[in-house]
Structure formats: C-alpha cells, structure tokens
Amino acid sequence: MASPKSRCSSFATTSRTHMRTSGWTIDDSFLTETKNTQNRKLSQKRKTLSCQFSSGDQLSPWPTYTSGQTILHNRKPCSYDYRKRAGWLKQPLGITKPRYLERLENYLRKELLLLDLSTDSTQELRLQPYREIFEFFIEDFKTYKPLLSSIKNAYEVMLAHQREKIRALEPLKAKLVTVNEDCNERILAMRAEERYEISMLKREKMNLLKLIDKKNEEKISLQSEVSKLRKNLAEEYLRYLSERDARKILIADLNELRYQREDMSLAQSPGIWGEDPVKLTLALKMARQDLTRTQMELNTMKANFGDVVPRRDFEMQEKTNKELQEQLDSLRGDYEEVCKEHEILLQLHMTTLKERDQFHSELQEIQRTSTPRPDWSKCEDVVAGGPDRWQMLAEGKNSDQLVDVLLEEIGEGLLREKDFFPALGYGEDIPPLLRFDGLVENKKPTKKDVVNLLKDAWKLRLVEEQKEKFPDFFFSFLEHRFGPGEAMAWAYTIFENIKLFRSNEVMSQFYAVLMGKRSESVYIKQKETVAQLLKEMTNADSQNEGLITMENLSTVLKSTFPFKKEEKIQELMEAGGWHPNSSNADLINYPSLFIEDEEGQSMPFVQKLWEQYVDEKDEYLQELKQELGLELRDEVTLPKVREALMNIDPGLDKQTLNGYLSGAFQVPRTELPEEGEEKEDGIVVQLKIALERLQMTDIRRMGSREQEPAS
C-alpha cells in the first residue's frame with residue numbers, strides 16, 4: 001500500500017501531466033478546484049504523514065549548523081554565507097536532521113522537479129508544493145495552528161488581491177498601447193501640418209521682405225532723383241544769375257555808349273537845339289548827377305538782391321518741388337499702409353491659426369464623441385407599407401424626427417400586441433383619470449379613431465363652461481361616451497396612444513394639456529387664431545370662389561399679425577405656396593391651407609404658424625430674462641417682473657399683464673397687488689420656475705417695444 005506522501009505526489013504528478021498534455025492554462029478557478037480536491041485528500045494524508053513522520057519520535061530541535069543540504073538555499077561558493085556554512089561543516093557530525101524534515105524536503109524537491117516551468121503560470125505552480133508543506137506544519141503543530149493559519153490566509157488574500165489587480169491592469173495596458181499609438185499618429189500629423197504652415201509662412205515672409213526691399217529701392221531712387229533735381233536747380237540758378245549780371249552790364253555799356261554818342265553829337269552841332277550852351281551844360285550836369293544817383297541805387301539793388309531768383313523761375317521750381325514732395329508723401333503713405341496691412345495680416349494670420357487650432361480640437365472632439373450617420377434606407381423593408389410608406393413618413397424630417405417616427409412604428413406594433421395594461425396605482429403623481437389598481441383592457445383603436453375622439457372632446461370642452469379641471473372633464477367625457485364600466489379602459493388606451501404618437505399634432509397637444517405641461521388656453525387661442533385667419537381670407541375673397549391673390553394673402557397676414565417681422569410673413573407665404581417666381585396676381589386656394597388629414601395632421605401653412613408661435617414665445621421669455629438681468633437660480637419679485645414686462649412690451653393692457661403675473665406667481669388675479677402698492681419683500685419666486693410657468697401659458701407680444709405704454 002502506497003504511503004500518503006507517495007499518493008499525494010502521484011496525484012500532483014498526474015494532475016500536472018494531464019494539464020501539460022491537454023494544453024490547459026492554469027488559472028485561479030482551476031487552482032481553487034485543485035486546492036479543494038487536495039484539501040480533502042490532505043486530511044487523510046496528514047494523519048498518515050503525522051504518524052509516519054512523528055510516530056514514536058519527538059520533534060527535536062535541529063541545530064542550524066547540522067550537516068545536510070536543503071533545496072531552499074542556493075548560495076554562491078564565494079559568498080560569506082557559503083564560507084560560514086563551510087565553517088559549520090567542521091562541527092561534529094554526530095547530530096543529524098530529523099526524519100520529518102528530511103522527508104518534507106524530499107517531498108518538496110520531487111514536487112518542484114515535476115513542475116512544468118514552460119507555462120505562463122509557473123509561479124502559481126511553484127507555490128503549490130510550498131502550500132502543501134505549510135499545511136503539514138499547520139496540522140502537525142497544533143499549538144501554533146491558529147497563528148500559522150492566519151498567516152497563510154493573509155498571504156493567500158494578498159496573492160488573490162494581486163492577481164485581481166494584475167488581471168484588471170492587463171486590458172488597461174493594451175488600451176494604453178493603443179492610445180499611445182493614436183497619440184503618436186496625431187502628433188506626427190500635427191507636426192507635418194505645422195511644418196507645412198511654417199514653410200508657407202516663411203515663403204510669405206520672403207515675399208513681404210522682397211516687397212519691402214522693392215519699396216526701399218524705389219524710395220532711394222526717388223531720393224537720388226530729388227537730389228539730382230536740386231543740383232540741376234542750383235546750376236540753373238547760377239546760370240540765370242550770370243546771364244542777368246551780364247545783361248545788366250551790357251545795358252549799362254549800351255547806355256554809356258548812347259550817352260557818349262549824344263554828347264558828341266551835341267558838341268558837333270551846338271546850334272541844332274537853339275538853346276543856351278550854359279543851360280544845356282547845366283542840364284547835362286544834372287542829368288549826370290541823376291545818372292550817378294541812379295547807378296548807385298542800381299548797385300545797391302544789385303548788392304541787396306543779387307541772390308534773388310526771378311519769380312517765374314522760383315514759382316516753376318517751387319511747383320516742381322511741390323510735385324516731388326507730393327509724390328514722396330504718397331509713396332511714404334503707401335509704404336505706411338503696406339506696413340499696416342502687413343501687421344494686420346500677421347494679426348489675422350495669428351487669429352486664423354488660433355481659430356484653426358480651436359476648430360481642429362473641436363473637430364477631433366466631435367469625431368471622438370459623434371456617432372456615424374444612420375442609413376435610414378434600411379427601415380424601408382421593416383416598416384409596414386414598404387419603401388413607399390417610409391418615403392412618405394420620412395419626407396422633410398431630420399434624424400431626430402425620424403427616430404421618433406421609427407419609435408412610433410415600433411411602439412404601434414407592440415401596442416397592438418398588448419391585450420391589457422397594468423394600472424399605475426393611486427399615487428399622488430398619477431393623473432386622477434389613471435388612478436386604478438389591477439389590469440385594464442386595451443381597446444386597440446386605430447390612430448384615426450383616437451384623433452376623432454380627441455377632437456370630439458375638444459369640441460365639447462370649447463362649448464361647455466370650463467369649471468372643472470381638464471383631466472376630470474376628459475374622464476367625465478369618457479364615462480358619458482362609453483359608460484362608467486369602460487371609461488377606465490378607454491382612459492388608459494387613449495393615454496398610451498397619445499404618449500406614443502408624439503409626432504401627431506392633435507395627440508401631442510392633448511397629451512401636453514392632459515399632463516399639465518401646457519395650458520389648454522394655448523390650444524384654444526391657436527384654434528381661434530387659425531379661425532380668424534380663415535375668416536379674413538374669406539372676407540378678402542370677393543368672388544367667393546375660394547381663391548385669393550398672393551398680394552391679398554400678404555395683406556391678410558400683415559393685418560392679422562401686425563407685430564410679425566417681414567421675414568416671418570415671408571415664411572408663412574412660402575408655406576402657403578408662394579415662391580420667388582410668383583407674381584402678386586397669382587391665385588391661391590386658401591381653404592386648402594387649413595385642411596387636416598384623417599389623422600389630424602395640418603398642412604405646412606398651419607404647422608409653420610404653430611412653429612412661429614413657439615419660437616416667438618421663446619424669444620419673448622428670453623427677452624424678459626435679459627431685461628431682469630438675473631440668473632435662473634435667483635429669486636425675483638412681482639414688481640420687478642411687472643416692470644420688466646412693461647419695458648419689453650409696452651402694449652400690454654392691465655388685464656393681460658395681470659394674467660401673465662398670475663400664471664408666473666400662481667396667485668389669483670383678485671389677490672394681485674395694484675401697481676405701486678407692492679412690497680419689495682412680498683411675493684417672490686425663483687426665476688427658472690416663473691419662466692417655466694409662463695412657458696406653459698398662452699403668452700405673446702401685444703405691441704412693439706418702441707410703443708408708448710397703454711394707459
């Protein structure tokens with residue numbers, strides 16, 4: 001019969017050999033299973049080993065210097081420990097190892113030799129023999145068993161924690177490698193872009209430097225030309241000055257010769273004049289004195305004005321100089337403009353670079369977070385009715401609206417399959433007409449039946465006095481139509497249908513009013529507006545043929561909506577059939593603008609009218625928020641809201657203003673304080689709540705902002 005030690009060794013050897021031959025990977029689950037199997041066998045093996053190793057022998061202390069090698073040490077021969085052990089070997093050899101220690105070492109050595117060290121879990125396999133030896137110690141040393149067990153458990157828990165940590169970090173390591181590669185690619189791409197941009201900027205810089213050099217050369221050439229002209233001007237001035245002096249000298253010589261010739265002629269023929277020679281001599285003497293005085297004055301003039309340029313030459317040179325100065329100023333101005341444009345271009349370039357980097361970051365963020373565009377053509381084969389019906393449903397809708405349409409188609413099929421609805425109970429947040437326990441029957445009406453039922457309810461609501469709340473009125477309407485026993489089933493059926501078909505105008509508006517998200521006055525006012533518009537168009541139809549011109553349509557729209565902007569009127573006309581090639585004389589069939597299909601869907605004209613109403617309400621409330629100048633979380637008082645409303649809409653009358661204030665602060669109109677009697681610490685409400693309440697009600701502009709307040 002084999003010993004427990006040999007059986008344990010055989011079992012471990014068989015298990016490892018089987019794992020090596022079958023190619024298994026040792027993981028935590030396999031080790032746990034192996035451990036549980038071995039623990040059951042170790043209990044028997046420990047008993048046998050305890051008897052075999054310690055039977056008849058007392059566990060004696062064995063000195064550390066006793067001879068015998070252990071597999072737990074692997075010292076180098078040259079180390080201090082090796083020399084120390086060599087010294088110990090010289091001790092007397094009379095003391096030998098206990099047999100229990102020798103057998104444990106032999107068992108550990110065999111187990112380690114049988115391990116397959118080529119697998120990834122080598123360290124896990126190496127621990128198993130040590131676990132078994134430690135289990136033997138724990139079982140044999142009863143006194144220290146709790147301490148040794150706690151030590152073993154602490155190490156096992158730490159090893160399990162480290163394994164879990166390593167397993168959790170492995171996918172992060174792969175992700176880190178992927179992210180590192182992606183970042184490197186982005187960095188390389190950005191560096192390539194930057195190198196290209198730098199080369200472009202350098203090329204642009206060289207072009208600008210060439211342009212500046214060219215302008216500098218032109219400036220130098222102009223300066224040289226100016227200096228040359230100045231030199232020519234000085235030469236011409238000297239030449240003209242010499243000619244003037246020569247001319248004056250010539251004139252003086254001619255005068256002298258003429259005087260001499262006159263004297264000679266007078267001396268030769270003294271009787272010609274018949275005058276007294278003494279008198280003539282005296283006259284000649286006086287004339288010569290005058291000549292001398294004149295010559296002196298002339299010399300004085302020459303001395304004083306010898307360097308003076310003739311006015312004509314001066315004006316000519318001044319004109320030339322002025323033209324050159326203007327050219328120089330013009331070139332200097334052009335140069336300064338070029339410099340300014342260069343600085344502006346540099347600033348624009350830097351701004352463009354910043355915007356490019358920002359847009360690049362936004363593009364990367366969008367590319368990272370955005371999802372690919374869906375292929376809506378795949379829905380053609382799924383939606384009932386095939387491609388034709390899908391094309392009709394998807395016409396003119398964006399992706400968000402197409403998702404709603406697809407959800408409605410899917411929900412409609414699921415709604416048809418339900419025979420019963422689970423009731424919502426009697427909670428306070430449950431609408432009164434839906435408070436019920438148990439199951440209620442699904443009546444499975446068509447969409448057309450639901451729309452007709454809702455229209456009948458609206459007709460009755462408009463006729464009756466609105467004394468009770470809308471949910472109570474609708475439940476009473478169902479009891480009257482289908483009886484008290486079927487009213488709850490129809491209430492749940494209608495509720496599920498209008499909650500599903502949000503794209504249907506009648507159902508979506510009815511659902512909003514029923515759930516308290518919108519006041520019924522909004523629906524009533526919209527119907528009144530449409531009816532008034534149809535009435536105005538009918539009055540404009542003088543022939544009563546159902547046709548009016550585009551000009552009449554524009555006139556009716558402007559008279560009905562006097563505060564709409566011109567582009568809004570243009571949008572309504574385009575929805576009614578107007579296009580840029582239309583003339584004012586073109587006729588339009590105006591009753592067709594107000595037709596509804598069997599499911600209650602309006603024509604584009606009425607839909608555009610509703611969209612403009614919603615947009616104008618949002619603009620009105622946004623303008624009110626800006627006028628108050630507060631954050632949404634701030635509190636606002638009734639006087640401030642009253643003042644802000646009067647500022648943004650001076651055309652508000654007192655009754656309408658009180659209606660807005662009553663809806664915003666949830667105070668009856670009769671309890672509202674009069675203007676001037678409000679207290680600063682009176683009625684307050686958070687601005688966000690006030691705007692949400694006004695959003696639910698029928699609020700619209702009553703006049704232009706420039707209009708004087710109504711008395």
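Why is α14 largely enclosed by the rest of the structure? Of its 10 residues, 9 are buried, where buried means under 20% relative accessible area, exposed means over 50%, and partly exposed sits in between (1.4 Å probe, protein chains only). Keep in mind that this is a predicted model, where local features need pLDDT of at least 70 and side-chain atom pairs count only at pLDDT 80 or more, while totals for chains, interfaces and linings use all residues. Residues are numbered from 1 along each chain as its sequence is written, and side-chain values use heavy atoms, with hydrogens and water left out.

**The chain overall**

- The chain's secondary structure comes to 21 helices and 6 strands; helices (H or I, at least four residues) and strands (E, at least two) are DSSP runs, numbered from the N terminus.
- Of the chain's 711 residues, 28% count as buried.
- About 48,100 Å² of the chain is accessible surface, and 55% of that belongs to carbon and sulfur atoms; these areas come from the Shrake-Rupley method with a 1.4 Å probe, and for residues only the protein chains shown count as cover.
- Take the contacts between residues at least 6 apart in sequence, and 68% of them join residues at least 24 apart; a contact means heavy atoms within 4.5 Å.

**Helix α14 and its surroundings**

- The buried residues of α14 are Glu505, Val506, Met507, Gln509, Phe510, Tyr511, Ala512, Val513 and Leu514.
- Their cover includes α11, α12, α13, α15 (520–540) and α18.
- At the N-terminal end, asparagine 504 acts as the cap for α14, with a side-chain oxygen 3.1 Å from the backbone nitrogen of valine 506. A polar contact here is a pair of N or O atoms within 3.5 Å; within protein, one must be able to donate a hydrogen and the other to accept it, and residues adjacent in sequence count only if both atoms are side-chain atoms.
- After α14 comes glycine 516, which has a positive phi, near 80 degrees.

**Nonpolar cores**

- As background, nonpolar side chains in soluble globular proteins tend to be buried together.
- The largest nonpolar core here has 35 residues, and Leu454, Phe474, Leu478, Ile494, Ile498 and Phe510 touch the most other members. A core is a set of buried Ala, Val, Leu, Ile, Met, Phe, Trp, Tyr and Cys residues joined through side-chain atoms within 4.5 Å.
- At least two residues of this core come from each of α11 (447–463), α12 (470–482), α13 (484–500) and α14 (505–514), and α13 gives the largest share, 8 residues.
- Phenylalanine 510 touches Leu454, Ala457, Trp458, Phe470, Phe474 and Ile498, leaving out residues up to four places away in sequence.
- There's also a second, separate core of 24 residues, and its members include Leu628, Val636, Phe665 and Leu672.
- Leucine 628 is in helix α18 (residues 604–628) and counts as buried at 15% relative accessibility.
- Setting aside neighbours within four places in sequence, leucine 628 contacts Val636, Lys640, Val641, Ala644 and Leu687.
- Leucine 628 and glutamate 643 are 15 residues apart in sequence, with their C-alpha atoms 9.0 Å apart.

**Salt bridges**

- The whole structure has 27 salt bridges, each being a side-chain nitrogen of Lys or Arg within 4 Å of a carboxyl oxygen of Asp or Glu.
- Glutamate 156 pairs with arginine 131 (2.6 Å, N to O). This one links distant parts of the chain, with glutamate 156 in helix α6 (residues 145–268) and arginine 131 in helix α5 (residues 122–140), 25 residues apart. Glutamate 156 and arginine 131 are both buried.
- Arginine 481 and aspartate 456 form another salt bridge (3.1 Å, N to O). Arginine 481 is in helix α12 and aspartate 456 in helix α11, so the pair ties together parts 25 residues apart in sequence.
- Arginine 481 is partly exposed at 38% relative accessible area, and aspartate 456 is partly exposed at 29%.
- Glu139, Lys142 and Lys145 are joined into one network by salt bridges that share partners.

**A nonpolar surface patch**

- Leu298, Met301, Phe305 and Val308 make up a nonpolar surface patch, together offering about 350 Å² of accessible area. Patches are made of residues with over 30% relative accessible area and no salt bridge, with like charges joined within 9 Å and nonpolar side chains (Val, Leu, Ile, Met, Phe, Trp, Tyr) within 5 Å.
- Phenylalanine 305 lies in helix α7 (residues 277–305) and counts as partly exposed at 44% relative accessibility.
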